[in-house]
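Open the model in your viewer and keep the sequence panel beside it. We will go from stop to stop, selecting a few residues each time.

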Amino acid sequence: MKKLTTLFLLCGALATMNAQTKLMRIHYSDGSSETKQVTNVTKITFEDEGGSDVDPSVQMVDMGLSVKWAAWNVGAKSPEQYGDYFAYGEIKPKTDYTLLNYEWLYYGYLDGEDLDEWEYYLKLGANISGTNYDAAHVNWGDKWRMPSRAEWQELFNNSTKVWTSVNGVEGARFTSKINGNSIFIPAAGNKFDGKETHQGTNCMLWTPEEYDFFDPSGWNNECRNYRVDISSTYANTEGYDYPDIGFTIRPVYGDLPAEQLPTVKIPTASEAIDLGLPSGTKWAPFNIGATQSSGKGLFLCFGELTEKYYSHTYNYKYYDPLTDKCKDFGGDIQGTEYDAASVLWGDGWVTPNKEQIQELVDLCDWVSNGYGFTITGPNGNSIYLPACGQMTYMGAPRSSQESLHYMSSTESKGDSHYGILASRGYANALGAPEVKDWFAKVGAKQVRPVRK
């Protein structure tokens, strides 16, 4: 979209004008400029050509809650307009909403793979609010975003609902029990496969949250997302639907809730194991999220601090769908806010860097028991690393015998990082460990912390 003007303003009295006359000088990108009299102007706003006015002072409604609510839907310009419809995770409206034109359709579906229904779609993450999959955030910017189920429930709990009409459009008016302010939500229904349904009877709007049923076996999972459903007789956040259906979005304005970090067992400094390595690096007795040396622990992606049900490019926290690139962390995340060991364990624990994992591979004796390695250092002390595989789009590994994948804190080329790999070979035996530079940031694997 094209900006109407550039953002350089000059307001005030010029020497050749009356002291009470206010002028605005507009400077264009081609070097030209023009002056306009703005004596009676009280406010100047800027908008994109074809876009809706998203000036917070105009369409932000204070309902006395944890977030402010927009007065109308994304794509609308008044409360009673339906606005645009969006498939889940898409940021632009379409003329029709089908499985085949869904932007995040799993490519294997088109290639004819034998898939369960839940595998048709690329899952975008447990909550997309405030991300570049959030149509409210991308189209309106700033702190505008899709409201969570909890924020919708807060609205329902602290408001009175009346089914009414505005300019002939049916919908629900919510009036705050706290301060008396209100918002109107039109009954826009939904769009799918060339049909428009529930218009005039149901307000159906996306939340940013994934349906939270999860079967660890992977065979019964659903790929659906929660939506709000409001009618003349009820208002709830329990409904869920397929992501390729078009629903409307009512934004809220406010900070995202703080990330909920996992509670994990943390070893003391005295439990660190000295293998007698030249660098003085000491290794932890177990993985992050584990409680003993043979435990898998958490499957974590590079730079992320929490485990997910599954792991791939499109639900990676630091993947940007607008640029199709992952975040460049500047070379190494050791000891930073992106280091899971530093954040979750603290007290001097960090994720090992490339040099530290290379030292472990080169200077220690690795002996496999079929399920992992006992690693003995130059001084005779040892640690045990279980071979746990890595989490992918299909979820956590399900086999009792997996390859060994461990993360380092050091980035390599492109969207990759260094790590330790021991693959399964003949008779499913674990091969010799190697340091590789092609581990994908988006793939979840184990972390065995270190300290000095």
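Helices (H or I, at least four residues) and strands (E, at least two) are DSSP runs, numbered from the N terminus, and two strands pair if DSSP finds at least two bridges between them. This is a predicted model, in which local features need pLDDT of at least 70, side-chain atom pairs count only at pLDDT 80 or more, and totals for chains, interfaces and linings use all residues. Residues are numbered from 1 along each chain as its sequence is written, and side-chain values use heavy atoms, with hydrogens and water left out.

**Stop 1: two hairpins**

Select residues 159-166 and 169-176: these are β7 and β8, antiparallel strands joined by 8 bridges. Put labels on S159 and S176, which stand opposite each other. Which residue of this hairpin takes a positive phi? Look at N167, with phi near 50 degrees, in a hairpin that has 2 residues between the strands.

Now add residues 182-186, strand β9, which pairs with β8 in the antiparallel sense over 5 bridges. Here G171 has P186 as its bridge partner. The hairpin of β8 and β9 has 5 residues between its strands, and G180 in the turn has a positive phi of about 85 degrees.

**Stop 2: an open sheet and a helix**

Next, show the open sheet of 3 strands, with the order β23-β24-β25 and antiparallel pairing. β23 (404-411) and β25 (434-440) are at the edges with a single partner strand each, so one side of each has no neighbour in the sheet. On average, neighbouring strands here are turned by 40 degrees against each other, direction ignored. Axes are lines fitted to C-alpha atoms, for helices over the stretch in contact, and angles run from 0 to 180 degrees between N-to-C directions.

Between β23 and β24 (residues 416-422) there are 5 bridges; to find one of the partners, label Y406 and I420. Then add residues 354-363: this is helix α6, which lies across β23, β24 and β25 and runs at about 15 degrees to β24.

**Stop 3: one isoleucine**

Centre on I288, in the loop between β17 (282-283) and β18. Is I288 buried or exposed? Its relative accessibility is 1%, so I288 counts as buried (under 20% relative accessible area; exposed is over 50%, partly exposed in between, with a 1.4 Å probe and protein chains only). Beyond its neighbours within four places in sequence, I288 is in contact (heavy atoms within 4.5 Å) with residues including L298, L344, W345 and V447. Draw a distance to R448: the C-alpha atoms are separated by 6.4 Å, although the two residues are 160 apart along the chain.

**Stop 4: empty space**

On a 1 Å grid over the protein atoms alone, a cavity is a set of points where a 1.4 Å probe fits but cannot get out, while a pocket is an open set with protein on both sides within 12 Å along at least five of seven lines; lining residues have an atom within 4 Å of a point. Grid points are joined across faces, edges and corners, and a volume is the space filled by probe spheres set on the points.

The largest pocket has a volume of about 1300 Å³. Select A126, N127, I128, E259 and T306, the closest to its centre of the 40 lining residues. The largest share of that lining, 3 residues, comes from α4.

Finally, of 4 cavities of 30 Å³ or more, the largest has a volume of about 50 Å³. Among the residues lining this largest cavity are Y88, Y102, K123 and E210.
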